[in-house]
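Here are some exercises to work through with the model open beside you. Try each task on your own, then compare your steps with the solution.

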Amino acid sequence: VTGASFVVFNAVLKASSYPAKLSIVEDGVMVQITVEVMVRLRHALVLKKDFKIRCGRKNAEGVRQYIEIVWVYDDEKPNSG
């Protein structure tokens with residue numbers, strides 16, 4: 001688990017053997033993805049659905065690195081004042 005101050009999603013990867021690449025940048029994370037994954041990510045964000053992006057080679061076995069976006073529902077009203 002990696003905590004970050006910010007996350008950048010960048011759709012620069014070509015359709016290759018990597019669905020996503022993850023890099024630590026200063027105190028944040030940059031995720032390079034394909035255009036197809038970016039379209040699915042945008043759709044999931046609009047619908048407020050959880051989304052998981054697998055990193056590493058597509059055919060590699062035992063890959064455990066992934067990025068997971070999880071919506072957390074909090075009952076607190078952050079701007080109540």
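**Exercise 1. Find the accessible surface of the protein chain and the share of it that belongs to carbon and sulfur atoms.**

Step 1. The accessible surface of the protein chain comes to about 6500 Å². Accessible areas come from the Shrake-Rupley method with a 1.4 Å probe, and for residues only the protein chains shown count as cover.

Step 2. Carbon and sulfur atoms hold 51% of that surface.

Step 3. Before going on, note that this is a predicted model, in which local features need pLDDT of at least 70 and side-chain atom pairs count only at pLDDT 80 or more, while totals for chains, interfaces and linings use all residues. Residues are numbered from 1 along each chain as its sequence is written, and side-chain values use heavy atoms, with hydrogens and water left out.

Step 4. Of the 81 residues in the protein chain, 22% are buried. Here buried means under 20% relative accessible area, exposed means over 50%, and partly exposed lies in between (1.4 Å probe, protein chains only).

**Exercise 2. Write down the pattern of helices and strands along the sequence, then describe the open sheet.**

Step 1. Count the elements: there are one helix and five strands. These are DSSP runs numbered from the N terminus, with helices as H or I of at least four residues and strands as E of at least two.

Step 2. Along the sequence they follow the pattern β-β-β-α-β-β.

Step 3. The open sheet has three strands in the order β1-β3-β2, with mixed pairing. Two strands pair if DSSP finds at least two bridges between them.

Step 4. β1 (7-13) and β2 (20-25) are the edge strands, each pairing on one side only. From one strand to the next, the twist averages 25°.

Step 5. Now add the helix: α1 packs on the sheet and touches β1 and β3, its direction making about 115° with that of β3. Axes are lines fitted to C-alpha atoms, for helices over the stretch in contact, and angles run from 0 to 180 degrees between N-to-C directions.

**Exercise 3. Trace the pairing of β2 and β3, and place Glu-26 in the turn.**

Step 1. Six bridges join β2 and β3 in the antiparallel sense. Among the facing residues, Ile-24 stands opposite Val-29 in β3, and Leu-22 has Val-31 as its bridge partner.

Step 2. The two strands form a hairpin with two residues between them. In its turn, Glu-26 has a positive phi of about 50° although it is not a glycine.

Step 3. Most residues other than glycine have a negative phi. Glu-26 is exposed, at a relative accessible area of 75%.

Step 4. For a second case, look at Lys-48, in the loop between α1 and β4. Lys-48 has a positive phi of about 55° and is not a glycine either; at 48% relative accessibility, Lys-48 is partly exposed.

**Exercise 4. Which residues of the largest nonpolar core touch the most other members?**

Step 1. A nonpolar core is a set of buried Ala, Val, Leu, Ile, Met, Phe, Trp, Tyr and Cys residues joined through side-chain atoms within 4.5 Å.

Step 2. Among the 13 residues of the largest core, Ile-33, Leu-41, Phe-51 and Ile-53 touch the most other members.

Step 3. Two or more residues each come from β3 (28-34), α1 (35-46), β4 (51-54) and β5 (66-69). The most come from α1, which gives four.

Step 4. Take Ile-53 as an example: leaving out residues up to four places away in sequence, Ile-53 touches Phe-9, Ala-20, Ile-33, Val-37, Tyr-66 and Ile-67. Contact means heavy atoms within 4.5 Å.

**Exercise 5. Is Thr-34 buried or exposed, and is Ser-5 buried or exposed?**

Step 1. Thr-34 is in strand β3 and counts as buried, at 8% relative accessibility.

Step 2. Not counting residues up to four places away in sequence, the residues that Thr-34 touches are Ala-11, Leu-13, Lys-14, Ala-15, Tyr-18 and Pro-19.

Step 3. Ser-5 lies in the segment before β1 and counts as exposed, at 56% relative accessibility.

Step 4. Beyond its neighbours within four places in sequence, Ser-5 is in contact with Asp-27 and Gly-28. Ser-5 and Gly-28 are 23 residues apart along the chain, and their C-alpha atoms are separated by 5.2 Å.
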